[in-house]
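This report examines how a single protein chain is organised. It should be read alongside the sequence and the structure displayed below.

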Amino acid sequence: MQPPRDLRGLWLLPLPWLLLLGEVARAGRPVSSCPAACLCASNILSCSKQQLPNVPHALPSYTAQLDLSHNNLSRLRAEWTPTRLPHLHSLLLSHNHLHFISSEAFSPVPNLRYLDLSSNQLRTLEEALFSELQALEVLLLYNNRIVAVDRSAFEDVAQLQKLYLSQNQISRFPLELVRLPRLTLLDLSANRLKSLPVSDLQKLPAWVKNGLYLHNNPLHCSCELYQLFAHWQRRQLSPVVDFREDLHCVSAKKQYSVFSLNCSEYQERAREAHLGDALTIHCDTKQQGMTKTWVTPSNERVLGGAAAAAANGTVRVFENGSLHFQGVQVEDGGVYTCFAVGEAFNETLSVELKVHNFTLRGHHDTLNTAYTTLVGCILSVVLVLIYLYLTPCRCWCRGVEKPASHQGDSLSSSMLSTTPNHDPMAGGDKEEDFDRRVAFLEPAGPGQDQNGKLKPGSTLPVPEATGKGQRRMSDPESVSSVFSDTPIVV
């Protein structure tokens with residue numbers, strides 16, 4: 001039987017191994033956790049410049065930054081990593097040969113905030129490609145071969161702040177990207193953009209335009225383009241201040257500087273309002289989160305919040321720094337100044353307000369007035385046409401040949417006379433001759449009956465020289481005369 005001291009020595013034999021295992025346990029990870037082709041430093045794995053055709057397997061779950069740049073990766077499949085990487089916040093895949101990325105490739109890295117896919121061979125950004133990256137803030141896609149960007153590729157990337165798409169082949173301006181709620185930088189330089197949605201870009205807030213880079217594109221020359229960039233120049237926005245010499249446009253296959261175009265100078269437009277309008281003026285600063293103060297044309301500070309409500313004024317400042325008029329009056333016109341204070345810089349903006357001294361009618365009233373005017377014009381034209389073309393035939397119908405049975409009517413006209421009868425042979429009192437209706441009949445001649453009509457089978461003889469009281473027939477086809485020598489009072 002061995003003494004107890006030998007047992008104590010047996011327990012001391014594996015002590016160095018137990019100490020080593022304790023150190024590993026305190027480190028919280030196994031010794032062989034770093035892939036052979038990578039260089040590991042705590043939770044950072046650098047696997048760049050190793051000519052890797054595939055992503056190393058068995059990546060540690062604690063990895064926070066993974067660098068796979070400058071390798072030979074061509075496809076990023078959904079199973080590129082068998083283990084989920086919940087702590088990974090930066091993934092670098094630049095300078096590879098990637099031409100395909102699965103729509104499920106980013107499911108294992110839901111907390112990714114920085115993704116570098118630059119200098120690859122990507123051609124399209126498919127629908128919902130980045131929908132799993134709801135925490136993504138920075139995305140680098142420059143120096144690829146991207147031709148088209150699907151409108152829903154960035155639909156669920158609400159936290160994206162910086163997107164680099166320069167040096168690609170994009171020909172359509174992706175307007176949906178500038179509407180991302182937190183995007184402050186969008187680089188579309190050195191693409192194939194020929195036109196811009198100028199009216200939509202003018203409506204963007206200054207903090208979005210301050211990070212919208214459009215230089216080195218073959219834009220079509222126009223004065224609208226000049227006015228857009230001239231406004232950015234006046235506001236000292238970074239895309240124009242930093243890259244003024246690279247803002248070109250093309251006309252007749254020749255390249256010109258945008259600021260060399262022969263267009264009218266840019267002028268700030270005043271805000272216009274009418275009596276009683278509700279109006280809001282924004283302090284359009286180049287940076288978000290600035291503290292804003294408004295001063296009236298009379299150099300008085302505009303109150304906001306509870307102070308404005310207590311003062312019972314019609315002008316107040318909202319919490320976001322906007323100036324609001326409850327009911328605009330003529331005396332509210334003038335230049336208002338916004339003083340903005342931020343962490344990086346301060347900014348001063350001035351806005352001119354013009355108030356028209358009348359109330360603008362509603363949209364429906366204007367529409368009704370225009371409709372009524374149009375209907376009135378149409379009715380007037382119709383009445384004129386009816387008068388010209390549908391009135392009974394009068395003078396021009398006399399030249400038409402009529403049947404012989406109707407040519408003998410000698411009662412040709414009747415009229416209301418307003419002058420007395422001056423015929424000395426006419427009887428009656430002169431005063432009674434006023435306002436009489438008279439009819440003139442041709443005297444009965446050969447071939448006519450008592451009423452002046454031609455008898456059947458008879459013809460009118462040609463009259464010989466007539467005396468002073470007789471007239472020669474001027475038209476053999478007419479037996480009536482407007483001016484008859486024998487008036488008959490009817």
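Is C47 buried or exposed? With a relative accessibility of 0%, C47 counts as buried, because the cut-off for that class is under 20%. The model from which this value was computed is a predicted one.

## Overall organisation

The chain comprises 490 residues, of which 34% count as buried. Its secondary structure amounts to eight helices and 26 strands. Among the contacts in the chain with a separation of 6 or more, 56% are made by residues that lie 24 or more positions apart.

## Disulfides

The count of disulfides comes to five. One of them involves C47, whose partner is C38, with an S to S distance of 1.8 Å. The torsion about this S-S bond is about 105 degrees, so the C38 and C47 disulfide is right-handed. C38 has a relative accessible area of 11% and is therefore buried, and C47, at 0%, is buried as well.

A further disulfide joins C34 to C40, again with an S to S distance of 1.8 Å. The link of C34 and C40 is right-handed, with 90 degrees about the S-S bond. C34 has a relative accessibility of 28% and so counts as partly exposed; C40, also at 28%, falls in the partly exposed class too.

The disulfide between C221 and C249 has an S to S distance of 2.1 Å. It is right-handed, with 95 degrees about the S-S bond. This pair links distant parts of the chain, 28 residues apart: C221 belongs to the loop between β14 (219–220) and α5, and C249 to strand β15 (residues 248–251). Both C221 and C249 are buried. Another cysteine, C377, has a relative accessible area of 46% and is therefore partly exposed.

## Nonpolar cores

In soluble globular proteins, nonpolar side chains tend to be buried together. The largest nonpolar core in this model contains 74 residues, and the members that touch the most others are F130, L141, F154, L196 and F229. Two or more residues of this core come from each of α3 (198–202), α4 (206–209) and α5 (223–234). Helix α5 gives the largest share, six residues.

Which residues surround L196, leaving aside its neighbours within four places in sequence? L196 is in contact with F173, L201, L214, L219, L225, L228 and F229. One of these partners, F229, is itself among the core members that touch the most others. A second core, separate from this one, has 16 residues, including A273, W294, V302 and V328.

## Internal cavity

Rolling a probe the size of a water molecule over the atoms shows where empty space is left. The structure holds one cavity of 30 Å³ or more, and the volume of the largest cavity is about 40 Å³.

The lining of the largest cavity is formed by V178, L183, T184, L185, L186, V208, G211 and L212. By class, these lining residues divide into six nonpolar and two polar, with no charged residue.

## Two loop positions

S94 is located in the loop between β5 (90–92) and β6 (100–101). Its relative accessibility is 6%, so S94 counts as buried. Not counting residues up to four places away in sequence, S94 touches S69, H70, D116, S118, S119 and N120.

A190 occupies the loop between β12 (185–187) and α3. What is the exposure class of A190? At 27% relative accessibility A190 counts as partly exposed, because this class covers values between the buried limit of 20% and the exposed limit of 50%. With residues up to four places away in sequence left out, A190 touches Q167, N168, H215, N216 and N217. One of these partners, H215, is 25 residues from A190 along the chain, and the C-alpha atoms of A190 and H215 are separated by 6.6 Å.

How values were computed
Residues are numbered from 1 along each chain as its sequence is written. This is a predicted model: local features need pLDDT of at least 70, side-chain atom pairs count only at pLDDT 80 or more; totals for chains, interfaces and linings use all residues. Side-chain values use heavy atoms; hydrogens and water are left out. On a 1 Å grid over the protein atoms alone, a cavity is a set of points where a 1.4 Å probe fits but cannot get out, and a pocket is an open set with protein on both sides within 12 Å along at least five of seven lines; lining residues have an atom within 4 Å of a point. Grid points are joined across faces, edges and corners, and a volume is the space filled by probe spheres set on the points. Ala, Val, Leu, Ile, Met, Phe, Trp, Tyr, Cys and Pro count as nonpolar, Asp, Glu, Lys and Arg as charged, and the others, Gly among them, as polar. A nonpolar core is a set of buried Ala, Val, Leu, Ile, Met, Phe, Trp, Tyr and Cys residues joined through side-chain atoms within 4.5 Å. Buried means under 20% relative accessible area, exposed over 50%, partly exposed in between (1.4 Å probe, protein chains only). Helices (H or I, at least four residues) and strands (E, at least two) are DSSP runs, numbered from the N terminus. Contact means heavy atoms within 4.5 Å. A disulfide is a pair of cysteine sulfur atoms within 2.5 Å.
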